[in-house]
Amino acid sequence: VRGLPESIIASACSRSGQRVLHVDSRNYYGGNWASFSFSGLLSWIKENQEKTDVREDSEDWRKLILETEEAISLNKKDNTIQHVEDVCYACQDLAEDVKEAGALPKLPAFEASDTSEAAQESEKECLPVESQSLGTGSCEIAPESVTCNDPESMTKRKDAEMTSERENVCDATSDQSASETGKTENVSTAEAAALEPKKITYAQIVKEGRRFNIDLVSKLLYSRGLLIDLLTKSNVSRYAEFKNVTRILAFQEGRVEQVPCSRADVFNSKQLTMVEKRMLMKFLTFCLDYEQHPNEYQDYEERKFSEYLKTQKLTSNLQHFILHSIAMVSEADSGTIDGLKATKRFLQCLGRYGNTPFLFPLYGQGEIPQCFCRMCAVFGGIYCLRHSVKCLVVDKESGRCKALIDHFGQRINANYFVVEDSYLSEKTCTNVCYRQISRAVLITDQSVLKTDSDQQISILTVPPVEQGQPAIRVIELCSSTMTCMRNTYLVHFTCSSGKTAKEDLEPVVQKLFSLNAETEGESENGGGLEKPRVLWAVYFNMRDSSGIDRNSYDCLPSNVYVCSGPDCALGNDYAVKQAETLFQEMFPKEEFCPPPPNPEDIVYDGDGTQPEDPGFSSSSNTKTEPSPKESSDGGSCKVSEEHHEE
């Protein structure tokens, strides 16, 4: 079991009273949905670049197969990642001897494991909202506002923040001293030098590597999407915290600009004329209930959405905003109905938690599978990492899978088996045709669009240069998302693959960023605007196994259920739908991920009554519900369950 769909299914099964064993050959949760620290990602890169041949293991496990049984061998190595290439553009002087701050020494028994630090990183717990200073827009989605309190992790993070603050104070003091010395020679030059941001080196990135949480898959959560609904319904949301995406950006004529989305944004926009504002508001109002006005679009149902927009008396500027930044659909492939549906969904998600429709989980997308794994464990699920499986055992007479055999030669019996597509062998997947996703992750020194605030979370869609090519989605994360160190940004690029990831994405990277971090930033279109500099980048292709029909797999037993890896879409709806569908096939009479019972509703064995409070508990151990005012300190907000009901 590896990714988000499997984790959701495990949580649902455990919650419904089933006995769940979650086995993974890797030493971290999430599979291709995982997040890594910087050193953990470097180990992951090394592992996927080497692509060493798997040595032939002992076949002793075959002796456990009876005459009335047959074995379905599983993959020994994951082949879902290809064309991995990392490039460092920052200064690498003195980087060889630098070690990651706060990293634990590797255990001798696991030195061969390339991603042990990532496994340690994945065990972190979330901080309560009240104890964080994350800037504006932090949002915890927790029914009944139950927060995860981990004193030990709180202490570690507070210490880390205090250490960082002391370093910043020291840096500021040294800068001030240098400035005062230079006043005798040239005051203006010294002041300019003091204000100029320091160049970040590769050694600093390595040292602060634990401040990075780098996702293998780049997605956002629609505020009224299936995943948010599932998180709140199941109360899994108490294990995670979120921030609002603050900006929707557009790229046209070589410039990046902010797209007005809400009514307030439209009327406050300085880039739209008054006529354009009225046009945009009229069209968006129509999209909210377009089904009630079929006469407006029925002649264009079989035509492209881009063609329909041209008939709506919209300027080319507005057409670009709607197509690429609001509907976020393909100009070449999307029909009118698809475009109207996407626009309506975007608008319906506005205002639930902020001025944009999207949320991003603190510490990265990799937190979401871990949250569901945690819920599964709470209700008795058992997890075994670094535990590979040799084969599935199938009964010849019934054709059903009855057991699996692990690398210890143990035979483990079960009624249902949920596997990720990557576990299946080439023989089983002979008739399967996969798509590919091109991914890039950049560490940069500045935002792609500078504003007064340096804590912006942005999504940008770059339209294709040539017709037939896919649009490229860019998500830029700031340090308050807990995914990168201070004074840097983490930028994710995603598109459907046409070639290798670097060939697909690097031309767009060069349009938005300067790849020479050692020289002064390039001017954007000669207009004097300095491009942000790329400090480090990695490119890779990831298999997209979504949308594959079950019948494409050869000789798959009826009680073996296959989950796909990450898809290329922005949201997580496909994973949630797949998890619910497979769960209902296994347990049609059970509710999917019901909310856990309140402690007050639990009936204890014995006389059927709960034990009374002894009355001598200290007040310091008594948890009180924070008021809305207290919950909003530090620019964060807490959303109760009532606010989620539509």
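Tutor: Helices are DSSP runs of H or I with at least four residues, and strands are runs of E with at least two. In this predicted model, the chain has 16 helices and 25 strands by that rule.

Student: What makes residues 38-50 count as a helix, and how does the reach of H2 compare with the expected span?

Tutor: A helix needs at least four residues in its DSSP run, and H2 has 13 residues. From its first C-alpha to its last, H2 reaches 18 Å, which is close to the 18 Å expected at 1.5 Å a residue.

Student: Which residues of H2 are called buried, and why?

Tutor: Buried means under 20% relative accessible area, and the residues of H2 in that class are Phe 38, Ser 39, Gly 40, Leu 41, Ser 43, Trp 44, Ile 45 and Asn 48. Across the chain, buried residues make up 52% of the 646 residues.

Student: Why is H7 called oblique to H15?

Tutor: Two packed helices are described by the angle between their axes and the distance between the axes. The axes of H7 (residues 226-234) and H15 (residues 573-586) come within 8 Å and cross at roughly 55°. That angle makes H7 oblique to H15, because it is neither under 35 degrees, nor over 145, nor in the range from 65 to 115.

Student: Which residues meet there, and how do they divide by kind?

Tutor: Leu 226, Leu 227 and Leu 230 in H7 meet Asp 573, Val 576 and Lys 577 in H15. The residues of this contact divide into four nonpolar, no polar and two charged, since Leu and Val count as nonpolar, whereas Asp and Lys count as charged.

Notes: Residues are numbered from 1 along each chain as its sequence is written. This is a predicted model: local features need pLDDT of at least 70, side-chain atom pairs count only at pLDDT 80 or more; totals for chains, interfaces and linings use all residues. Side-chain values use heavy atoms; hydrogens and water are left out. Buried means under 20% relative accessible area, exposed over 50%, partly exposed in between (1.4 Å probe, protein chains only). Axes are lines fitted to C-alpha atoms, for helices over the stretch in contact, and angles run from 0 to 180 degrees between N-to-C directions. Contact means heavy atoms within 4.5 Å. The expected span of a helix is 1.5 Å times one less than its number of residues.
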